[in-house]
Amino acid sequence: MHLSPQERAEIKRLLEELVVELEERLKTTGDQSKPVQLDEPIGRLSRMDAIQMQQMALAGLSREQQQLVRARYALRLIDDVDFGSCQVCKRAIGVDRLRFQPEILLCTRCA
Ligand SMILES: [Zn+2]
(Lines give C-alpha, C1' and ligand atoms only; values in the text may rest on other atoms or scores of the structure.)
Protein backbone atom coordinates (compact mmCIF):
# COMPACT_ATOMS: atom_id res chain seq x y z
CA MET A 1 0.00 0.00 0.00
CA HIS A 2 1.43 3.33 -1.06
CA LEU A 3 -1.21 5.78 0.07
CA SER A 4 -2.12 6.83 3.57
CA PRO A 5 -5.84 6.73 4.43
CA GLN A 6 -5.89 10.53 4.28
CA GLU A 7 -4.29 10.56 0.83
CA ARG A 8 -6.69 7.90 -0.38
CA ALA A 9 -9.66 9.92 0.87
CA GLU A 10 -8.26 13.01 -0.84
CA ILE A 11 -7.81 11.25 -4.18
CA LYS A 12 -11.28 9.76 -3.87
CA ARG A 13 -12.77 13.21 -3.40
CA LEU A 14 -10.80 14.51 -6.40
CA LEU A 15 -12.08 11.63 -8.51
CA GLU A 16 -15.68 12.18 -7.45
CA GLU A 17 -15.39 15.87 -8.30
CA LEU A 18 -13.80 15.03 -11.63
CA VAL A 19 -16.62 12.60 -12.52
CA VAL A 20 -19.29 15.18 -11.68
CA GLU A 21 -17.46 17.87 -13.63
CA LEU A 22 -16.95 15.69 -16.70
CA GLU A 23 -20.55 14.45 -16.65
CA GLU A 24 -21.76 18.05 -16.57
CA ARG A 25 -19.46 19.05 -19.39
CA LEU A 26 -20.43 16.08 -21.55
CA LYS A 27 -24.10 16.71 -20.85
CA THR A 28 -23.88 20.26 -22.14
CA THR A 29 -21.99 19.22 -25.28
CA GLY A 30 -24.32 16.26 -25.85
CA ASP A 31 -21.25 14.12 -26.24
CA GLN A 32 -22.60 11.01 -24.54
CA SER A 33 -23.49 8.94 -27.56
CA LYS A 34 -21.34 6.00 -26.53
CA PRO A 35 -21.83 5.08 -22.92
CA VAL A 36 -19.11 2.67 -21.93
CA GLN A 37 -19.73 0.04 -19.33
CA LEU A 38 -16.81 -1.50 -17.55
CA ASP A 39 -18.95 -3.44 -15.16
CA GLU A 40 -17.16 -6.71 -15.41
CA PRO A 41 -16.28 -7.66 -11.82
CA ILE A 42 -12.64 -6.77 -11.54
CA GLY A 43 -11.82 -9.84 -9.49
CA ARG A 44 -12.65 -12.13 -12.40
CA LEU A 45 -10.21 -10.45 -14.73
CA SER A 46 -6.48 -10.25 -14.53
CA ARG A 47 -5.25 -6.70 -14.30
CA MET A 48 -3.79 -6.91 -17.79
CA ASP A 49 -7.12 -8.07 -19.21
CA ALA A 50 -8.86 -5.22 -17.43
CA ILE A 51 -6.40 -2.71 -18.88
CA GLN A 52 -6.77 -4.19 -22.36
CA MET A 53 -10.54 -4.10 -22.13
CA GLN A 54 -10.31 -0.52 -21.05
CA GLN A 55 -8.06 0.40 -23.97
CA MET A 56 -10.46 -1.24 -26.41
CA ALA A 57 -13.46 0.43 -24.87
CA LEU A 58 -11.73 3.79 -25.00
CA ALA A 59 -10.85 3.66 -28.68
CA GLY A 60 -13.02 6.08 -30.58
CA LEU A 61 -14.15 8.12 -27.62
CA SER A 62 -13.47 11.80 -27.20
CA ARG A 63 -10.76 12.86 -24.78
CA GLU A 64 -13.31 13.90 -22.16
CA GLN A 65 -15.29 10.70 -22.52
CA GLN A 66 -12.08 8.75 -22.07
CA GLN A 67 -11.20 10.73 -18.99
CA LEU A 68 -14.66 10.09 -17.55
CA VAL A 69 -14.38 6.34 -18.15
CA ARG A 70 -10.97 6.32 -16.50
CA ALA A 71 -12.16 8.35 -13.54
CA ARG A 72 -15.15 6.05 -12.97
CA TYR A 73 -12.90 3.04 -13.24
CA ALA A 74 -10.39 4.51 -10.80
CA LEU A 75 -13.23 5.18 -8.35
CA ARG A 76 -14.13 1.51 -8.43
CA LEU A 77 -10.54 0.68 -7.53
CA ILE A 78 -10.03 3.37 -4.90
CA ASP A 79 -10.60 1.08 -1.92
CA ASP A 80 -8.39 -1.65 -3.34
CA VAL A 81 -5.11 -2.03 -1.46
CA ASP A 82 -3.34 -1.80 -4.81
CA PHE A 83 -4.74 1.63 -5.61
CA GLY A 84 -1.84 4.03 -5.98
CA SER A 85 0.30 1.36 -7.59
CA CYS A 86 0.83 1.13 -11.32
CA GLN A 87 -1.65 -1.40 -12.72
CA VAL A 88 1.07 -2.93 -14.86
CA CYS A 89 4.36 -2.88 -12.96
CA LYS A 90 3.05 -2.26 -9.40
CA ARG A 91 5.42 0.62 -8.73
CA ALA A 92 4.01 3.47 -6.69
CA ILE A 93 2.41 6.08 -8.94
CA GLY A 94 3.06 8.83 -6.42
CA VAL A 95 0.49 10.96 -4.66
CA ASP A 96 1.60 14.16 -6.41
CA ARG A 97 0.90 12.59 -9.78
CA LEU A 98 -2.46 11.32 -8.50
CA ARG A 99 -3.41 14.76 -7.23
CA PHE A 100 -2.65 16.18 -10.65
CA GLN A 101 -4.38 13.36 -12.56
CA PRO A 102 -6.41 11.26 -10.12
CA GLU A 103 -7.79 8.99 -12.85
CA ILE A 104 -4.33 7.79 -13.84
CA LEU A 105 -3.72 4.09 -13.19
CA LEU A 106 -0.25 3.75 -14.66
CA CYS A 107 3.17 5.04 -13.68
CA THR A 108 5.08 7.37 -16.00
CA ARG A 109 7.06 4.45 -17.42
CA CYS A 110 4.01 2.35 -18.32
CA ALA A 111 1.66 5.16 -19.39
ZN1 LIG B 1 4.28 0.99 -14.32
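The exercises below work through a predicted model of a protein, each with a solution that goes step by step.

**Exercise 1. Overall layout**

Task: Establish how many helices and strands the protein has, in what pattern they follow one another, and what share of the residues is buried.

Solution: Begin with the count of elements, which gives 4 helices and 0 strands. Reading along the sequence then yields the pattern α-α-α-α. Turning to burial, 20% of the 111 residues in the protein are buried. Finally, consider the contacts with a separation of 6 or more, of which 63% join residues 24 or more positions apart.

**Exercise 2. Confidence**

Task: State the mean pLDDT of the protein, and determine which element has the lowest mean pLDDT and which the highest.

Solution: For the protein, the mean pLDDT is 83, with 83% of the residues reaching 70 or more. Among the elements, helix H2, which covers residues 47–58, has the lowest mean pLDDT, at 72, whereas H4 has the highest, at 94.

**Exercise 3. Two helices and their spans**

Task: Compare the end-to-end reach of H1 with its expected value, and do likewise for H3.

Solution: Helix H1 runs over residues 5–29, and its 25 residues reach 36 Å from the first C-alpha to the last, close to the 36 Å expected at 1.5 Å a residue. For H3, the 15 residues should span 21 Å at 1.5 Å a residue, and the end C-alpha atoms are 21 Å apart, so the two values agree.

**Exercise 4. The buried face of H1**

Task: Identify the buried residues of H1 and the helices against which they pack.

Solution: The buried residues of H1 are Ile-11, Leu-15, Leu-18 and Leu-22. In an α-helix there are 3.6 residues a turn, so residues three or four places apart point the same way. The partners of these buried residues are helix H3 (63–77) and helix H4 (95–100). Leu-15 illustrates the packing, since beyond its neighbours within four places in sequence it is in contact with Ala-71, Ala-74, Leu-75, Ile-78, Pro-102 and Glu-103. As a contrast, take Val-20, which also belongs to helix H1: it is exposed, because 11 other C-beta atoms lie within 10 Å and the cut-off for exposure is 12 or fewer. The C-alpha atoms of Val-20 and Leu-68 are nevertheless separated by 9.0 Å, with their positions 48 residues apart along the chain.

**Exercise 5. Ala-71 and the nonpolar core**

Task: Decide whether Ala-71 is buried or exposed, and place it in the largest nonpolar core.

Solution: Ala-71 is located in helix H3. It counts as buried because 23 C-beta neighbours lie inside 10 Å, where burial needs 20 or more. The other buried residues of this helix include Gln-67, Leu-68, Val-69, Arg-70, Tyr-73 and Ala-74. Leaving out residues up to four places away in sequence, Ala-71 touches Leu-15, Leu-18, Val-19, Leu-22 and Glu-103, while its C-alpha atom is separated by 8.0 Å from that of Glu-16, 55 residues apart along the chain. The largest nonpolar core has 15 residues, and those touching the most other members are Ile-11, Leu-15, Leu-18, Leu-22, Leu-68, Ala-71 and Ala-74. H1 and H3 are the elements that give two or more residues to this core, and the largest share, 5 residues, comes from H3.

**Exercise 6. Two residues outside the helices**

Task: Work out why Leu-3 counts as buried and why Lys-90 counts as exposed.

Solution: Leu-3 lies in the segment before H1, and it is buried because 21 other C-beta atoms are within 10 Å. Apart from neighbours within four places in sequence, its contacts are Arg-8, Ile-11, Phe-83, Gly-84 and Val-95. The C-alpha atoms of Leu-3 and Val-81, 78 residues apart along the chain, are separated by 8.9 Å. Lys-90 sits in the loop between H3 and H4, and it counts as exposed because 12 C-beta neighbours are inside 10 Å. The backbone of Lys-90 also deserves a check, since its phi is near 70 degrees, a positive value in a residue other than glycine. Most residues other than glycine have a negative phi.

Terms used
Residues are numbered from 1 along each chain as its sequence is written. This is a predicted model: local features need pLDDT of at least 70, side-chain atom pairs count only at pLDDT 80 or more; totals for chains, interfaces and linings use all residues. Two residues are in contact if their C-beta atoms, placed from the backbone, lie within 7 Å. The expected span of a helix is 1.5 Å times one less than its number of residues. pLDDT is the predictor's confidence in each residue, from 0 to 100. A nonpolar core is a set of buried Ala, Val, Leu, Ile, Met, Phe, Trp, Tyr and Cys residues joined through C-beta atoms within 7 Å.
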